[in-house]
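Subject: Structure handover

Hello,

Here is the structure I promised to pass on. Please open it first, then read my notes below.

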Amino acid sequence: MKNIILILFLFFFSTISADGNYSFELYSMSGKLVSTEETMKKSGAKYLIVDFFSLICEPCKRSLPEWEKFYKENKAKGFEFLLVMLPATGDRRKQEKALKDYFKKNSFSLESVFDKYSVVGEKFGVVEKSGDVTLPMIFVLDKSGKLLFKAASHEEAVAKIKNLK
């Protein structure tokens, strides 16, 4: 019964509305519930960059220092950033610990959430029902949660973002 309730809860919070809204809620690595809507409301940002990440994705790891730099330079210009971490295959608890250790060791300040069951990854089309994952994948949303564009690399995303300014 608990599993059914959990599945319904996850489905409710991850379903795209008919108007194409990509808003979601996930827990941060520190256990805080992070909502895209609240993040945008509190920051007053015009755009939200959502980057999907996994420890097995080398291009994802290489782009983190660049995203860190971009975020620091552009936060005041109306950009907010959210890193959605996906588990690799295997034990999700071990994956979560490995992700926490990686971020603690590398001292990234980007807001990070853990998509433990890949529900948000499926919503965005990054994770298929079969479990196949397409990474890197970056999405840029407007302040209402609507998708402006997606990109398959950090470089492509930054080039498209420059057109938003």
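Start with glutamate 38. At 36% relative accessibility, this residue counts as partly exposed, since that class runs between 20% and 50%. Its salt-bridge partner is lysine 41, with the closest N and O atoms 3.7 Å apart. Lysine 41 is exposed, at a relative accessible area of 63%. Both residues belong to helix H2, which spans residues 36-43. They sit 3 residues apart there, about one turn of the helix.

Keep in mind that this is a predicted model.

**Other salt bridges**

How many salt bridges does a search of the whole structure find? The count is 7. In general, side chains of opposite charge can pair when their charged atoms come close. Two more examples follow.

- Lysine 61 and glutamate 58 meet through their side chains, at 3.1 Å from N to O. The two are 3 residues apart in helix H3, so about one helical turn separates them. Glutamate 58 is partly exposed, at 40% relative accessibility.
- Glutamate 122 pairs with lysine 129, and their closest N and O atoms are 3.1 Å apart. Glutamate 122 is partly exposed, with a relative accessible area of 33%. Lysine 129 is exposed, at 75%.

**The disulfide**

The structure holds 1 disulfide. Cysteine 57 and cysteine 60 form it, with their sulfur atoms 2.3 Å apart. Both cysteine 57 and cysteine 60 are buried. Which hand does the disulfide have? The torsion about the S-S bond is about 75°, so the disulfide is right-handed.

**Helix H4**

H4 covers residues 92-106, 15 residues in total. From first C-alpha to last, the helix reaches 21 Å. That is close to the 21 Å expected at 1.5 Å a residue.

Which residues of H4 are buried? They are Gln95, Leu99, Tyr102 and Phe103. Seen down the axis of H4, these buried residues fall within an arc of 90°, so they line one face of the helix. The face turned away from the buried side carries exposed residues: Arg93, Lys94, Lys97, Lys104 and Lys105.

What do the buried residues of H4 pack against? Their partners are three strands and a helix: E3 (47-53), E4 (79-85) and E5 (112-114), plus helix H3 (58-74).

Look at both ends of H4 too. Aspartate 91 caps the N-terminal end. One of its side-chain oxygens lies 2.8 Å from the backbone nitrogen of arginine 93. Just after H4, serine 107 takes a positive phi of about 50°.

**Leucine 82**

One more residue to find is leucine 82, in strand E4. Is leucine 82 buried or exposed? Leucine 82 is buried, with a relative accessible area of 1%; the cut-off for buried is under 20%.

Now look at isoleucine 49. Leucine 82 and isoleucine 49 are 33 residues apart in sequence. In space, their C-alpha atoms are 6.1 Å apart. Leaving out residues up to four places away in sequence, leucine 82 touches Phe24, Val34, Thr36, Leu48, Ile49, Val50, Asp51, Glu111 and Val113. Isoleucine 49 is thus one of its contacts.

Strand E4 also links back to the helix described above: E4 is among the elements that the buried residues of H4 pack against.

Best wishes

Definitions and conventions: Residues numbered from 1 in each chain as written. Predicted model: local features only at pLDDT ≥ 70, side-chain atom pairs only at ≥ 80, totals over all residues. Heavy atoms only, no water. Helix = DSSP H or I, 4+ residues; strand = E, 2+ residues; numbered from the N terminus. Expected span 1.5 Å × (residues − 1). Buried < 20%, exposed > 50% of the residue type's maximum accessible area, 1.4 Å probe, protein only. Arc of directions from axis to C-beta. Contact = heavy atoms within 4.5 Å. Polar contact = N/O pair within 3.5 Å; in protein donor to acceptor, adjacent residues only side chain to side chain. Disulfide = S-S within 2.5 Å. Salt bridge = Lys/Arg side-chain N within 4 Å of Asp/Glu carboxyl O.
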